[in-house]
Amino acid sequence: MSKSKEILDYVKNHNSGKVKLAVADIDGILRGKYVAAEKFTSLVEGRLGFCDVTFGWDAGDLAYENGKYTGWHTGYPDAQVKIDLNTFRKIPWENEVPFFLGDFIDDQDQPNFVCPRQLLKKLITECENEGFSPLFAQEFEWFNFSETPETIHEKGFTNLKPLSPGMFGYSILRSTYRNEFMGDLFELLNKFDIPIEGLHTETGPGVYEAAIKYAPALQAADQAILFKTAVKEIAYKHGILATFMAKISENLPGCSGHVHQSLWDSKNKSNLFYEEKDPNKMSETMKSYIAGQLHCLPHLLPMIAPTINSYKRLVEGAWAPTTVTWGIDNRTTALRALPGSKKASRLETRIVGSDTNPYLALSACLAAGMYGVKNKLKLEQPATKGNGYTDLSNGVLSRNLFEATQKMKNSDLAKTLLGENFVDHFTMTREWECKQYAKVVTDWELKRYLEII
């Protein structure tokens with residue numbers, strides 16, 4: 001029996017009579033719906049119509065005023081979605097309901113340029129055409145609160161109660177507190193085909209960190225985006241609200257979404273980042289990949305720091321990088337090379353926050369690294385030793401979303417790597433984000449000016 005027939009039989013025979021489908025928007029939010037099992041068969045053979053407002057509004061469902069792809073000027077028609085049977089999963093906290101991800105395609109059945117998952121697939125194909133197989137993994141830190149969607153609104157998003165008090169990273173003691181939640185996370189995520197290699201408390205009240213097992217890049221991105229939503233859904237079951245904001249408070253560390261990456265041969269047998277004869281065990285391919293990221297990532301920064309809040313995390317001394325640097329096992333640099341062994345040699349890109357769209361974060365890392373490999377860039381910048389925050393030799397990262405977005409918008413390099421249409425649409429969404437923030441009066445302004453000015 002073929003895999004496809006097994007999947008369709010499972011859908012047909014599931015006692016719920018329904019299937020859950022999802023697509024990723026530009027912010028990495030999964031938008032989806034339930035469909036009847038009998039309708040699903042026709043969708044697999046054909047296409048699912050999904051309102052293209054998915055790429056015409058922001059994270060708060062507010063329609064963009066300056067979008068070209070869709071808007072009031074187009075009438076917000078349906079876009080076409082192709083279901084990917086390879087993403088089949090059973091939701092263990094939802095009666096094993098069958099679940100699938102989809103890709104946006106255009107009227108000619110070609111990849112839709114606004115679709116983040118399609119962008120990553122395109123970059124993976126380009127990488128494979130060069131003879132490489134990219135293996136990636138994303139890890140996440142996030143805050144957990146003893147709250148619900150109702151209570152956080154009632155409290156005006158202030159004075160939220162963390163799952164546990166105080167700063168207690170890597171705590172065996174805290175991992176037994178609300179252990180039913182941590183246990184469910186580990187077990188249910190693994191059953192949902194998101195293999196967790198490690199789960200522990202991180203420094204900060206109610207903060208957890210999880211490492212997802214590495215996989216081929218597209219699978220790794222699927223796992224990462226489903227991880228974020230799955231954690232939130234499992235948390236709901238325990239009366240907990242999980243957030244992947246990059247910075248929840250100026251007084252607490254931020255939350256990372258570090259991306260680990262390596263290039264293997266086409267059969268995934270040999271890690272091409274490893275070189276036994278090199279003093280640091282780093283191959284020329286790995287060095288060129290690092291050089292590519294050092295050169296390109298400043299042009300692509302909004303893809304790995306996509307929100308206003310992202311840049312509150314990227315500050316000195318807060319376990320997040322601010323300089324365009326690399327080092328060997330150095331957690332103060334933007335890029336942390338880990339060339340220790342034939343199997344585990346990899347690069348960790350530490351700029352990435354937990355608030356990212358995994359498809360775009362992995363796309364930026366892969367496109368930047370492969371630019372270095374294709375162009376055989378030499379890693380002329382020496383590895384930073386010690387404090388990376390003080391190494392300004394190769395410049396600093398943009399300080400805010402507007403500055404980063406303008407750099408990307410006007411970058412010929414970004415357009416070459418990602419396509420002009422995508423860059424135009426994506427930077428429009430980031431400019432919109434900046435515009436929404438610019439008109440808001442914050443509590444900082446009230447506290448600072450209300451009485452004394």
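In which helix does Lys-409 lie? Lys-409 belongs to helix H11, which covers residues 401-409; helices here are DSSP runs of H or I with at least four residues, strands are runs of E with at least two, and both are numbered from the N terminus.

The model is a predicted one, in which local features need pLDDT of at least 70 and side-chain atom pairs count only at pLDDT 80 or more, while totals for chains, interfaces and linings use all residues. Residues are numbered from 1 along each chain as its sequence is written, and side-chain values use heavy atoms, with hydrogens and water left out.

**Lys-409 and the packing of H11**

Lys-409 has a relative accessible area of 33% and is therefore partly exposed, where buried means under 20%, exposed over 50% and partly exposed in between, with a 1.4 Å probe and protein chains only. Its C-alpha atom is separated by 8.6 Å from that of His-299, although their positions lie 110 residues apart along the chain in numbering terms. When residues up to four places away in sequence are not counted, Lys-409 touches Lys-415, Val-423, Thr-427 and Glu-431, contact being defined as heavy atoms within 4.5 Å.**Helix pairs**

The table lists three helix pairs, with axes taken as lines fitted to C-alpha atoms over the stretch in contact and angles running from 0 to 180 degrees between N-to-C directions.

| Helix pair | Angle | Axis separation |
|---|---|---|
| H7 (residues 284-296) and H10 (residues 358-374) | about 120° | 6 Å |
| H6 (residues 217-237) and H10 | about 145° | 8 Å |
| H11 and H13 (residues 420-438) | about 160° | 9 Å |

The angle of about 160° between H11 and H13 makes H11 roughly antiparallel to H13, since angles under 35 degrees count as roughly parallel, over 145 as roughly antiparallel, 65 to 115 as roughly perpendicular and the rest as oblique. H11 passes H13 in a left-handed crossing, a term used if the near helix is turned anticlockwise from the far one by less than a right angle, whereas a clockwise turn is right-handed. On the H11 side the contact is made by Leu-401, Phe-402, Thr-405, Gln-406, Met-408 and Lys-409, and on the H13 side by Val-423, Phe-426, Thr-427, Arg-430, Glu-431, Glu-433 and Cys-434. These residues divide into 6 nonpolar, 3 polar and 4 charged, where Ala, Val, Leu, Ile, Met, Phe, Trp, Tyr, Cys and Pro count as nonpolar, Asp, Glu, Lys and Arg as charged, and the others, Gly among them, as polar.

For H7 and H10, the angle of about 120° means that H7 is oblique to H10, and H7 passes H10 in a right-handed crossing. Here Thr-285, Ser-288, Tyr-289, Gly-292, Gln-293, His-295 and Cys-296 of H7 meet a set of H10 residues that comprises Cys-365, Leu-366, Ala-368, Gly-369, Met-370, Tyr-371, Gly-372 and Val-373. By class, the contact of H7 with H10 has 8 nonpolar and 7 polar residues, and no charged ones.

H10 also packs with H6, again in a right-handed crossing. In H6 the residues Ala-217, Leu-218, Ala-220, Ala-221, Asp-222, Ala-224 and Ile-225 meet Pro-358, Tyr-359 and Leu-362 of H10, and the residues of this contact divide into 9 nonpolar, no polar and 1 charged.

**Cysteines**

A disulfide is taken as a pair of cysteine sulfur atoms within 2.5 Å, and by this rule the count comes to 0 disulfides. Cys-127 is in no disulfide, and the nearest cysteine sulfur, that of Cys-365, is 13 Å away. For Cys-255, the closest cysteine sulfur is also in Cys-365, but at 18 Å it is too far for a bond. Cys-127 is buried at 1% relative accessibility, and Cys-255 is likewise buried, with a relative accessible area of 1%.

**Individual residues in loops and strands**

Asp-61 is not a glycine, yet it has a positive phi of about 65°. Asp-61 is found in the loop between strand E3 (48-51) and strand E4 (78-91), and at 39% relative accessibility it counts as partly exposed. Asp-193, which is not a glycine either, has a positive phi of about 60°; it is found in the loop between helix H5 (179-191) and strand E7 (196-201), where its relative accessible area of 42% makes it partly exposed.

Glu-209 has its place in strand E8 (residues 207-212) and counts as buried at 10% relative accessibility. Leaving aside neighbours within four places in sequence, Glu-209 is in contact with Glu-139, Phe-140, Glu-141, Trp-142, Gly-198, Leu-199, His-200 and Glu-202. The C-alpha atoms of Glu-209 and Gly-102, 107 residues apart along the chain, are separated by 28 Å.
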